Amino acid sequence: MTAMNPIPWDPWSYSADLDYKTTDEGGDRSIVGFHVEAVDGGIGKIDEATGAVGSSYIVVDTGPWIFGSKRMLPAGVVNNIDWTEEKVFVNRSKAEIKDAPEYDPDLRDETLYRDQVGTYYADRERR
């Protein structure tokens with residue numbers, strides 16, 4: 001698309017710039033267990049990840065940082081993966097992630113919950 005009509009941000013898909021295929025998509029690498037780095041520091045480790053087309057996400061276990069809670073981050077916030085250091089970098093701040101809707105494994109596939117999470121991250125400025 002042209003600069004006048006940029007490609008809309010898809011919160012539920014990994015960026016094509018990552019050159020990453022999840023094991024769900026036939027890739028041979030998993031990011032489960034990788035440390036997650038927000039723009040202003042570490043936030044936890046990836047507890048689960050999916051690569052389902054159009055509905056990809058990571059679940060981050062924040063450990064003691066947010067009293068042991070988890071957050072679901074749409075794949076679109078992932079902007080880099082360091083395979084050597086086993087780190088995933090996201091383009092959101094720790095505060096934005098802390099204030100995001102809490103992860104609910106019983107609702108993760110529900111349209112209303114996913115819309116809430118996707119809208120939350122879409123409304124924040126990407127870095």
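**Entry 1: β2 and β3**

I began with the pairing of β2 and β3 in this predicted model. Strand β3 covers residues 57–61, and its pairing with β2 is antiparallel, with five bridges. I looked up the partner of E48 in β3 and found V59. The two strands form a hairpin, with six residues between them. In that turn I noted G54, whose phi is positive, at about 75°.

**Entry 2: β1 and its two partners**

I then turned to β1, residues 35–38. Four bridges join β1 to β2 (residues 41–50), and the two strands run antiparallel. β1 and β2 also form a hairpin, here with two residues between them. In which sense do β1 and β6 pair, parallel or antiparallel? I found the parallel sense, over three bridges.

V36 served as my reference residue in β1. Opposite V36 in β2 stands G44, and in β6 the bridge partner of V36 is V88. As background I recorded that side chains in a regular strand alternate between the two faces of the sheet.

**Entry 3: the loop between β5 and β6**

I next inspected the loop that lies between β5 (78–82) and β6 (87–90), where E85 is found. E86 is found in this loop as well. For E86 I read a phi near 55°, a positive value in a residue other than glycine. Are these residues buried or partly exposed? E85 has 49% relative accessibility and therefore counts as partly exposed. E86 has 42%, so E86 is also classed as partly exposed.

I also checked E85 against H35. The two are 50 residues apart in sequence, and their C-alpha atoms are 8.7 Å apart in space.

**Entry 4: salt bridges**

How many salt bridges does the structure hold? I found two.

One is formed by K70 and D47, with 2.7 Å between the closest N and O atoms. This pair links distant parts of the chain, since K70 belongs to strand β4 and D47 to strand β2, 23 residues apart. K70 counts as partly exposed because its relative accessibility is 26%. D47, at 34%, is likewise partly exposed.

In the other salt bridge, R108 pairs with E48, and the closest N and O atoms are 2.9 Å apart. R108 lies in the loop between α1 and α2 while E48 is in strand β2, so this pair ties together parts that are 60 residues apart in sequence. I read a relative accessibility of 24% for R108, which makes R108 partly exposed. For E48 the value is 24%, and E48 is therefore partly exposed too. I noted that E48 has already appeared in Entry 1, as the bridge partner of V59 in β3.

**Entry 5: helix α2**

I moved on to α2, residues 111–122. This helix has twelve residues and reaches 16 Å from its first C-alpha to its last, close to the 16 Å expected at 1.5 Å a residue.

Which residues of α2 are buried? I listed Y113, R114, V117, G118, Y120 and Y121. These residues lie on the same side of α2, because they cover an arc of only 155° around the axis. On the other side of the helix, I found T111 and L112 exposed.

I then asked what covers the buried residues of α2. The cover includes β3, β4 (70–74) and α1 (94–98).

**Entry 6: the whole protein**

Finally, I recorded the overall figures. The protein has two helices and six strands. Along the sequence, I read the pattern as β-β-β-β-β-β-α-α.

What share of the 127 residues is buried? The value is 40%. For the exposed surface of the protein I noted about 7,300 Å², of which carbon and sulfur atoms supply 47%. I also looked up the contacts between residues at least 6 apart in sequence, and 55% of these join residues at least 24 apart.

Note on methods
Residues are numbered from 1 along each chain as its sequence is written. This is a predicted model: local features need pLDDT of at least 70, side-chain atom pairs count only at pLDDT 80 or more; totals for chains, interfaces and linings use all residues. Side-chain values use heavy atoms; hydrogens and water are left out. Two strands pair if DSSP finds at least two bridges between them. Buried means under 20% relative accessible area, exposed over 50%, partly exposed in between (1.4 Å probe, protein chains only). The expected span of a helix is 1.5 Å times one less than its number of residues. The arc is that of the directions from the helix axis to the C-beta atoms. Contact means heavy atoms within 4.5 Å. Accessible areas come from the Shrake-Rupley method with a 1.4 Å probe; for residues, only the protein chains shown count as cover. A salt bridge is a side-chain nitrogen of Lys or Arg within 4 Å of a carboxyl oxygen of Asp or Glu.
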